[in-house]
Amino acid sequence: MAQYDFVTNEYQPRSGNRLTRWLGAGVLNLMGWKITGSFPEEPKVVFIGMPHTSNWDLILALAAMQAAGLRCSWMMKKEAFFWPLGGLFKKMGGVPIDRKARNDVTVQMADWFNANEKAYLGLTPEGTRSKVETLKKGYLRIAYAAKVPVFLIAVDGKNKAISLDRVWPLTGDIERDNADIKAYYDQTYVGIRPEKS
């Protein structure tokens, strides 16, 4: 069984143990998938995952995080963090978002990044499994507000790999960055269901 112990640098937020890494690698192997590339040597990152074309994307993403021993957080409305699930969601990486707060989600997430020494946040900017013409720009607003890089991850259906691609060079122009990132994914990757990529 493949082992994914390459994620060992001091910058990354870690999670799990030998058993959870073994289970994550086992799920990937059973599905015939692998992890390629390497994670960034950055303590704080906004991860984006695309193309999002199938319900299997979430299973693969969770298995890859477990296999790599990586803690990657995600946003969820604060109302979902009720007892007894609230503690579990937080332990799994959930970040409660108050949609009624005076500070919008971008400010809340910038504050969250500032409050953590190591913080990886995962987002899916397509916002749907259907084919889209443009990406939602929230991931860029958060990255710019928190002054953290954006790292591209792909569900590479053609090669059955979770591809850890690259830190994207941001230009300061959100519209241009968003269009360029979408074009890069479109030219480089197809998802599990290519007709939706």
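**View 1. Pairing of β3 and β4 in the predicted model.** In this predicted model, strand β3 (residues 74-77) and strand β4 are paired in the parallel sense, and four bridges join them. Within this pairing, Met76 stands opposite Pro96 of β4. Helix α3 (residues 85-92) belongs to the same view: β3, α3 and β4 together make a β-α-β unit, and the unit is right-handed.

**View 2. The largest nonpolar core.** This core has 28 residues, and the members that touch the most other members are Val46, Phe113, Tyr139 and Ile181. Two or more residues each come from the strands β2 (44-50), β4 (94-97), β5 (119-123) and β6 (150-156), and likewise from the helices α4 (105-115), α5 (138-146) and α6 (174-188). Helix α5 gives the largest share of the core, five residues. In soluble globular proteins, nonpolar side chains tend to be buried together.

**View 3. Surroundings of Phe113, and a second core.** Leaving aside residues up to four places away in sequence, Phe113 touches Lys44, Val45 and Val46, and also Ala119 and Leu121. The other contacts of Phe113 are with Ile142, Ala146 and Val148. Apart from the largest core lies another core, of 21 residues. Val45, Ala63, Ala64 and Val155 are among the members of this other core.

**View 4. Aromatic pairs at Tyr184, Tyr185 and Tyr189.** The aromatic pairs in the model number seven. One of them joins Tyr184 and Tyr185, with 6.4 Å centre to centre and 75° between the planes, an edge-to-face arrangement. Tyr185 and Tyr189 also pair: their ring centres are 6.0 Å apart and their planes lie at 45°, so this pair is tilted. The residues of both pairs are buried: Tyr184 has a relative accessible area of 15%, Tyr185 has 2%, and Tyr189 has 10%. Each counts as buried because its value is under 20%.

**View 5. An aromatic cluster.** Four residues are shown here, Phe39, Phe47, Tyr120 and Phe151, and they form one aromatic cluster. Phe47 lies within the residue range of β2 (44-50), Tyr120 within that of β5 (119-123) and Phe151 within that of β6 (150-156).

How values were computed: Residues are numbered from 1 along each chain as its sequence is written. This is a predicted model: local features need pLDDT of at least 70, side-chain atom pairs count only at pLDDT 80 or more; totals for chains, interfaces and linings use all residues. Side-chain values use heavy atoms; hydrogens and water are left out. A nonpolar core is a set of buried Ala, Val, Leu, Ile, Met, Phe, Trp, Tyr and Cys residues joined through side-chain atoms within 4.5 Å. Buried means under 20% relative accessible area, exposed over 50%, partly exposed in between (1.4 Å probe, protein chains only). Contact means heavy atoms within 4.5 Å. Two strands pair if DSSP finds at least two bridges between them. A crossover is right-handed if, with the strands pointing away from the viewer, the path from the first strand over the helix to the second runs clockwise. Rings of Phe, Tyr and Trp (its six-membered ring) pair if their centres lie within 6.5 Å; planes under 30 degrees apart count as stacked, over 60 as edge-to-face and the rest as tilted.
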